[in-house]
There are 2 protein chains.
Amino acid sequence: MTGWVKIVGLGPGSDDLVTPQVSDAVAQASDVIGYIPYVARIAPRAGLTLHPSDNRVELDRARHALSLALQGHKVVVVSSGDPGVFAMASALFEALEDGPASWRDLDIEVLPGITAMLAAAARVGAPLGHDFCAINLSDNLKPWTLIEKRLRLAVEGDFAMAFYNPRSKSRPEGFARALDLLQMACADARPVVFARAVSTPDEQISVVPLNDARPEMADMRTVVIVGASNTRIITGARRKIVYTPRSVLP
Amino acid sequence: MTGWVKIVGLGPGSDDLVTPQVSDAVAQASDVIGYIPYVARIAPRAGLTLHPSDNRVELDRARHALSLALQGHKVVVVSSGDPGVFAMASALFEALEDGPASWRDLDIEVLPGITAMLAAAARVGAPLGHDFCAINLSDNLKPWTLIEKRLRLAVEGDFAMAFYNPRSKSRPEGFARALDLLQMACADARPVVFARAVSTPDEQISVVPLNDARPEMADMRTVVIVGASNTRIITGARRKIVYTPRSVLP
C-alpha cells in the first residue's frame, strides 16, 4: 500500500461549505489527524482511525502524519478553513524540511478550503471586495512589534484587513493594543465586522464603527474584518450590508 | 413566487472545488447571470435561463440580476473563485446602493468559493502560510500610483503577496512595472509562483526566483504569488514545494 498525506481544509464549520475534493479525500483516508474540534467533524467509520490532538502541537501532529504515510497509511490532516491560511500546511512543510530525507518521496497534497475571512465577508456583503491584507494577530510565533508594523503599513496603504486569532485567554492584551492603534491611525468610523463561528449553530455577527469596536467583541473563534477608508454600509437593506467598492478615485 | 439573488463562487475551475452550497443554489435557480466563460460552466436544463455577458459590464449585469429578482426570479450571479474577491459581489452592491429603494427589500446572499490565490497556493505548498496581501493589479478602476504605493508598503511590511489580474492585452505594461518595483525593492531571490488556470485542463504552474520573473510569464488567467523574505523552497521533494513558515524571528 502506498501512503500519502493530504492536508485539507474543512471550511469554517458547515458541511455544505466542504468541497467534494475534500470529502473524497476523507472517504479514502485510513487516518485523520488534527486539532480535537476539527477531527470531531469527521464521521467515524470502520477502517478509519481518528487521531485528535490538542492545540499548539502542530509540529508533532505533522511528524505523526508523515511517519504514518511512510508506513503506507492514507493520512488526512484536517484544518478548519483553508489549510494554507494560518493552519496546518506550513507546519507540515516545516516538519518535512527538518525531517528524514525519506519523507520527501511521499505523495503530499494540499486541498484548499473556504477560509474564515471569506466566509465572514460573504455573510455581511463584500468588505474584502478590493485590495486587502490577512494578518494573524497571535504573537506566539512572531514579535508583537512586527504585528504593529504591519497594521500601520496596512492602514497607510488603505487596505481592508482581516485578522485571524485576534484574542485568546492567554493573549488578552494584544487585540486591545491593535484596536487602539487602528482607532488612532484611522480616526474614522469605518465598519468593523466581528464574525464568530461563521456557518455554525454558534454563529454571531456584528458590525460596528471602528470607534465603537471593543476588545471583548472578539474571542478565539472570531475573525475580525476592518474596512478600508471607502468601505460602505448599505442601510435599509434586509440585513446590514458592508462592502468595499471596486473603484478608488484618483 | 419570491425572487432572490445569490452571488456565488464557482471556485477556480474544477467541479470538485465547487461547494455543495453553491451547487444547491444553481440547482434552485431560474436564471444564471455572469461573464461568458463562467456561465458556460453551468449545465443547461429545462426551467433555467442562462444569461452570459461580456467582460466589463459588471454593473449592467448586477442591475439585470436585481431587476429579475424583483420580478420573482431566482437569480444566481456566478463568479469564478470567490465572489467577494475582485469579483461580482462588490459590483452588485454598488448597483444596489445606486438603484431603486425596492431592490433593498430583496433577499440577497453571497456564497463563498475557493478563490484563485488559495487554490494556487495549495498546488505549490503554502506560500501564503503567514501574513499576506491580495492586490488587484488592474488600473481600470484605481490609479496606478495607488498600486505602486501598496506594493511598496507590502514589501516594507514583508507580507507575502497575491496578485489578481496581473496582465491583459489592454494592459501589457503594468505588470512589467510591478515586477521592476519588486525586483528593486526586494533585491533577493524569493520564490514567485505563476499559476495559470489552476484546476483546469489548461493548468500551468511555474516557480521562479524573483530576479528571474518576467512579465510574459503572466496573462489574464494567471494569479501570481510573491513570497515574503522568509518564504522557502523544499528541494528533493517530488514536486517543488514553496512555503512560508509560521514563525518570524525577532
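1. How many residue pairs are in polar contact across the interface of chain B and chain A? The rule finds 32 such pairs, both residues being at pLDDT 80 or more, where a polar contact is a pair of N or O atoms within 3.5 Å, of which, within protein, one must be able to donate a hydrogen and the other to accept it, and residues adjacent in sequence count only if both atoms are side-chain atoms. On the side of chain B that touches chain A, helix 4 (residues 88–98) of chain B gives the most, with seven residues, helices (H or I, at least four residues) and strands (E, at least two) being DSSP runs numbered from the N terminus.

2. This is a predicted model, in which local features need pLDDT of at least 70 and side-chain atom pairs count only at pLDDT 80 or more, while totals for chains, interfaces and linings use all residues. Residues are numbered from 1 along each chain as its sequence is written, chains are lettered from A in the order in which they are written, and side-chain values use heavy atoms, with hydrogens and water left out.

3. The contact (heavy atoms within 4.5 Å) takes 76 residues from chain B and 76 residues from chain A. The buried area, which is the accessible area (1.4 Å probe) lost by the two parts on being put together and summed over both, is about 6500 Å², with 58% given by carbon and sulfur atoms. In chain B, the residues that lose the most area to chain A are B:L141, B:R150 and B:R246, together 11% of what that side buries.

4. Between chain B and chain A the count is 10 salt bridges, each a side-chain nitrogen of Lys or Arg within 4 Å of a carboxyl oxygen of Asp or Glu. One of the salt bridges joins the side chains of A:R232 and B:E97 at 2.5 Å, N to O.

5. Strand 7 (residues 132–136) of chain A and strand 7 (residues 132–136) of chain B run antiparallel and are joined by three bridges, where pairing requires at least two DSSP bridges. Within this pairing, A:A134 stands opposite B:F132.

6. Superposed by least squares on the C-alpha atoms of residues with pLDDT of at least 70 in both copies, chain B can be laid on chain A with an RMSD of 0.0 Å by a turn of 180° and a shift of 0.0 Å along the axis. That is the relation of a two-fold axis.
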